[in-house]
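New to this one? Here's a quick tour to read with the model open beside you.

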Amino acid sequence: MGITKLHGLAILVTAAITGAIWYHHPFSPTRAQEHAASPEEDSALKIDLHETSLMLPWRQDVLVLTPWLAPIVWEGTFSRDILNAQYLQKNLVTGVVVFAVEKYVQFIEGFMRSANKYFLAGHHVNFYLFTDSPEKISYLQMAPENHLFVIPVHNDPRWQDISTSRMDILSSYIHSQFQHEVDYLYCMDIDVQLLAHIGVEIIDTLVATISSWQVTPQHKDRAYEARPASHAAIPEGQGDFHYTASFYGGCVAEVYKLTRACSQGLMEDRKNGIEARWLHESHLNRYLLHHKPTRLLSPEYYWDTELSSSVIQVKRMCPVRGQREASS
């Protein structure tokens, strides 16, 4: 079901709750409290009713609330000043993971320059760059509050294997390292550039980004994996939204559970000689069908420049289309 076709439902729901949606913004107190237990345990964030923020759903042309009452973030549906004030009080650190292997090394400088400028500007961010060519990375000037960590990783012979191995690498590093260093963790593609600010409105327990194709007539082309034999299979009519694997995240414990589950599904598929239609993105969608995101980011947060839609007011992040095609 297309996102624009559902916006009438959201209007009725928001009207029923006095026209303003108050929702919990789960800024965790400290890493020590959040990660006292292993991420293998159920470490869902505790709700603090004193920490809420006002959402401003004045837009009536788009869906701003899911059927399970998770907010969908569009331009004009939040106050960044309010959210920044809350976030700064907690002294949080957010991590960003990107992979740059083989020819994708060429995208590092462009990505880092734009992310350093636009991603959670003014807040502490750790960038974790996995690459098979650390020696090719030149000096990158970072904002004082940002830090770049280069992590060597082995290359795989097939680009499909590179894609599917991400989840296994991520879950391993979250367990061994990242859970001790960051409160929230987001995974992004390297062959993109940020064009506008992406701020603390993205922070929540489990966050997914709605695919650009969801708001266009071509959205059926982005169908789920349908083969029952695959661990990524979603039966016809059961999907909520199609989520892109180009930008997702949340609190580090929840991202660990997501990446571990997807990694296990990918390994089972591989044993059975199956490769899901959209590789790790298919497994991401299967996981999020059964573990609903607590916040959705609209296609503004990853917009495919081949498409057009009147509902997109701000293109916050876009793929570097020309160079991407040249490198494939």
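Let's start with a pair of residues: Tyr184 sits opposite Cys251 in strand 10. Keep in mind that this is a predicted model. From that pair we can work outwards to the sheet, and then drop in on a loop.

**Around strand 7**
- Strand 7 (residues 184-188) and strand 10 (residues 243-251) run antiparallel, joined by 5 bridges.
- Helix 6 (residues 252-271) packs on the sheet and touches strand 7, strand 9 (206-210) and strand 10. The helix direction makes about 135° with that of strand 10.
- Another bridge partner to look up is Gly249 in strand 10, which goes with Tyr186.
- Strand 7 also has strand 4 (residues 93-100) alongside: these two run parallel, with 4 bridges between them. Here Val97 stands opposite Cys187 in strand 7.

**Which way the side chains go**
- In a regular strand, side chains alternate between the two faces of the sheet.
- In strand 7, Tyr184, Tyr186 and Met188 point one way, while Leu185 and Cys187 point the other way.
- Strand 7 is mostly covered, with 5 of its 5 residues buried.

**The whole sheet**
- The sheet is open and mixed, with 8 strands in the order 3-11-9-10-7-4-5-6.
- Its edges are strand 3 (72-73) and strand 6 (146-152), each of which pairs on one side only.

**A stop at Leu120**
- Leu120 lies in the loop between helix 4 (108-118) and strand 5 (124-131).
- Is Leu120 buried or exposed? It's buried, because its relative accessible area is 1%.
- Leaving aside neighbours within four places in sequence, Leu120 has contacts including Tyr87, Thr94, Val125 and Ile198.
- Leu120 and Asn84 are 36 residues apart in sequence, and their C-alpha atoms are 9.4 Å apart in space.

Methods: Residues are numbered from 1 along each chain as its sequence is written. This is a predicted model: local features need pLDDT of at least 70, side-chain atom pairs count only at pLDDT 80 or more; totals for chains, interfaces and linings use all residues. Side-chain values use heavy atoms; hydrogens and water are left out. Buried means under 20% relative accessible area, exposed over 50%, partly exposed in between (1.4 Å probe, protein chains only). Contact means heavy atoms within 4.5 Å. Two strands pair if DSSP finds at least two bridges between them. Axes are lines fitted to C-alpha atoms, for helices over the stretch in contact, and angles run from 0 to 180 degrees between N-to-C directions.
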